Amino acid sequence: MTSITSGGWLQDASRFSSISLLVGVCALLVAVLANIAYKLFFHPLREYPGPLLWRLTSLPADYHSFNGTLVFKLQEIHLKYGESVRISPNELSFTQSRAWKDIHGARNPEFPKDFRRTQLSPNGYYSILNAPKEEHARFRRLLAHAFSEKGLREQEPRIRQYMDLLVDRLNECVRSGQATNMVKWYTSCVFDVIGDLAWGESFGGLENREVHEWVPAVVGNTRYIFRASALERWGLGTFKTWLVDKKTLESRKKNFALATQKAEKRAAQKGDTHGDFWDRVLIKSAGDNSSGEGMVKEEMINNAAVLVLGGAETSASTLSAATYLLLQNPESMKKLVKEVRSTFKSSADIDVYSVNRLSYQFAVLEETMRIYPPVPDQAQRIPPVGGGFVNDKFIPELTTLHVPQMAANFMPQNFHRAWDFVPERWLDDAPAEFANDDKAAFQPFTLGNRNCIGRNLAYAEMRLVLAKVIYDFDMELDAKATGNWWDQKAFGVWSKGPLMVTLRAAKH
Ligand code: HEM
């Protein structure tokens with residue numbers, strides 16, 4: 001009897017638990033369906049098109065961000081769905097020139113950077129790249145003079161010595177007869193320049209014939225930022241040290257250690273002026289920044305790392321890509337060679353002022369940055385508190401906003417024959433077929449208060465280096481050793497493979 005009763009009780013209990021399970025599953029299903037219906041039909045961003053899965057969950061966008069492939073996916077999505085797209089439930093991406101102004105332009109209140117996409121440095125302080133408005137303005141004031149046109153003119157002899165050393169090194173490659181990696185030489189050259197201009201001493205890359213260890217470390221640190229923030233958005237921040245690969249974690253540590261060494265060494269020399277960018281930082285920061293107008297030590301460290309990232313990676317990317325594109329487009333190479341070699345009587349005539357006469361070369365650099373923007377997806381922004389307007393449409397606060405340069409530059413609405421390398425479109429007398437190109441959609445240095453402070457320096461370096469190389473050398477691509485150079489990933493900046501080129505001395 002007892003056993004029958006207990007068996008009945010057991011049967012009842014199992015029936016009850018099956019019913020609860022069924023109810024639970026149904027409730028879950030209803031919740032999921034309600035969530036899907038909300039995101040697709042009632043959400044404030046419902047009218048923006050995009051791939052179905054991406055509109056429902058941020059998993060695909062975060063996966064591609066973690067993997068360094070988001071820029072290519074955004075390009076594909078924009079080409080398929082148009083100029084304004086939804087790439088996760090709360091994330092929009094735009095490619096119009098108007099969106100550039102609305103999101104990145106100087107306005108009050110500004111569209112701040114999306115705090116969910118950045119990481120504080122290991123010391124917990126800001127850098128110019130992730131600082132809120134007030135701190136950002138302070139950092140910017142401290143560095144502004146050094147990067148102005150006047151400041152750069154004062155630095156011209158310092159810049160030029162590295163161009164001459166680059167030519168010496170490339171002449172060694174001519175003598176060896178072996179193909180050489182141009183990414184290495186361009187990177188070492190611009191990295192040495194920023195070392196000298198910012199802290200009064202070169203990194204010795206050209207001298208030692210090798211890329212300084214800080215370069216891969218700083219690129220690895222940007223990879224860390226992308227990976228760690230993607231994990232944090234999924235509540236997995238605690239597991240960063242296991243889920244981010246070892247090489248990336250080590251790069252972050254090394255980047256921080258090298259930035260600390262550099263900032264401390266230069267700070268220890270206070271009192272001596274070196275004629276470098278740090279002079280002003282140190283003067284204003286006296287007494288551990290007692291005036292509040294300078295930087296504390298931790299901020300110096302973080303900003304040192306930003307200068308290295310900006311100074312080494314972006315200009316070197318453009319120079320490498322320009323070389324690759326010219327080698328694949330012999331007609332453009334021919335025109336550039338003719339312009340450079342007919343403008344100057346000797347390599348010594350090429351300086352920061354005289355390179356401005358090279359209009360075709362300028363067009364080559366612009367077209368290169370259109371096809372291969374050195375910063376391919378600008379830092380994401382959010383509307384100000386209460387929301388804001390983009391393309392005259394209201395966007396709720398906390399919506400992540402992208403203006404992916406890589407996608408904008410390939411939209412047929414912005415550029416005619418967008419997939420072709422045509423420097424001529426940037427000339428004053430551009431062929432009529434390019435008359436409707438929307439050049440304001442091309443913003444490699446972004447715009448507004450947080451645009452690139454190194455723009456003048458970047459153009460000066462890129463114009464000088466390319467003119468010197470084209471004047472002195474004939475180049476031939478080693479296609480087999482290079483492979484498909486475009487096969488790269490992007491974490492804020494590109495992870496570039498070697499670009500192997502055989503050099504010969506030019507005949508004048
Ligand atoms: C072709 C070369 C370059 C390109 C395309 C480029 C592009 C950019 C872009 C797109 C930004 C904005 C990043 C953001 O929104 O977070 C930026 C910021 C910055 N760049 Fe460059 N850059 C170049 C060269 C340089 C050079 C040579 C330096 C010198 C150190 C430099 C220093 C900086 C700094 C310090 C910032 C932060 C500015 C701020 O937040 O106020 N850049 N750059």
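**Around the ligand and its aromatic neighbours**

Analyst: Welcome! In this predicted model, Cys452 sits in the loop that runs between helix H18 (405–408) and helix H19.

User: What makes Cys452 (SG) a donor of the iron atom of the ligand?

Analyst: The distance does. Cys452 (SG) is 2.3 Å from the iron atom, and a sulfur atom counts as a donor within 2.8 Å, so Cys452 qualifies. Cys452 is also the only protein donor of that iron atom.

User: Which residues come nearest to the ligand?

Analyst: There are 29 residues around the ligand, and Lys113, His136, Arg140, Thr314 and Cys452 come nearest.

User: What makes the pair of Lys113 and the ligand a polar contact?

Analyst: A polar side-chain atom of Lys113 is 2.7 Å from an oxygen atom of the ligand. The cut-off is 3.5 Å, so this pair counts as a polar contact. Arg140 meets the cut-off too, with a polar side-chain atom 2.6 Å from an oxygen atom of the ligand. At Ile128 a polar backbone atom takes part, 3.5 Å from a ligand oxygen atom.

User: Which helices each supply at least two residues of the shell around the ligand?

Analyst: They are helix H6 (133–147), helix H15 (297–328) and helix H19 (455–472). H15 gives the largest share, seven residues. By character, the shell divides into 16 nonpolar residues, 10 polar ones and three charged ones.

User: Now for the rings. How many aromatic pairs does the structure hold?

Analyst: It holds 22 aromatic pairs.

User: Why is the pair of Tyr372 and Trp494 called stacked?

Analyst: The ring centres of Tyr372 and Trp494 are 4.9 Å apart, and their planes are at 15 degrees. Centres within 6.5 Å make a pair and planes under 30 degrees apart count as stacked, so the name fits.

User: What parts does this pair tie together?

Analyst: Tyr372 lies in the loop between helix H17 (359–371) and strand E4 (388–390), while Trp494 belongs to strand E9 (residues 493–495), so the pair links parts 122 residues apart in sequence. Both Tyr372 and Trp494 are buried. They also belong to one aromatic cluster, together with Phe72, Tyr324, Trp485 and Trp486.

User: Why is the pair of Phe389 and Phe394 called edge-to-face?

Analyst: Here the ring centres are 5.6 Å apart and the planes are at 70 degrees. That angle is over 60 degrees, so the pair of Phe389 and Phe394 counts as edge-to-face.

User: Why does Phe389 count as partly exposed?

Analyst: Phe389 has a relative accessible area of 46%. Buried means under 20% and exposed means over 50%, so Phe389 falls in between. Phe394, at 45% relative accessibility, is partly exposed too.

User: Is Gln261 buried or exposed, and what is the reason?

Analyst: Gln261 has 53% relative accessibility, which is over 50%, so it counts as exposed. Gln261 lies in helix H12 (residues 246–268).

User: What makes Arg116 a charge over the ring of Phe115?

Analyst: Arg116 lies over the face of Phe115, at 5.5 Å from the ring centre. The distance limit is 6 Å, so Arg116 meets it. Arg370 lies over the face of Phe415 in a like way, at 5.3 Å from the ring centre.

User: How many helices and strands does the chain come to?

Analyst: The chain comes to 20 helices and 10 strands. Of its 508 residues, 55% count as buried.

Methods
Residues are numbered from 1 along each chain as its sequence is written. This is a predicted model: local features need pLDDT of at least 70, side-chain atom pairs count only at pLDDT 80 or more; totals for chains, interfaces and linings use all residues. Side-chain values use heavy atoms; hydrogens and water are left out. A residue is near a molecule or strand if one of its heavy atoms lies within 4 Å of it. A polar contact is a pair of N or O atoms within 3.5 Å; within protein, one must be able to donate a hydrogen and the other to accept it, and residues adjacent in sequence count only if both atoms are side-chain atoms. Helices (H or I, at least four residues) and strands (E, at least two) are DSSP runs, numbered from the N terminus. Ala, Val, Leu, Ile, Met, Phe, Trp, Tyr, Cys and Pro count as nonpolar, Asp, Glu, Lys and Arg as charged, and the others, Gly among them, as polar. Donors are N, O and S atoms within 2.8 Å of the metal (3.2 Å for Na, K and Ca); water is not among the atoms, so sites may look incomplete. Rings of Phe, Tyr and Trp (its six-membered ring) pair if their centres lie within 6.5 Å; planes under 30 degrees apart count as stacked, over 60 as edge-to-face and the rest as tilted. Buried means under 20% relative accessible area, exposed over 50%, partly exposed in between (1.4 Å probe, protein chains only). A charge sits over a ring if NZ of Lys or CZ of Arg is within 6 Å of the ring centre and within 35 degrees of the ring normal.
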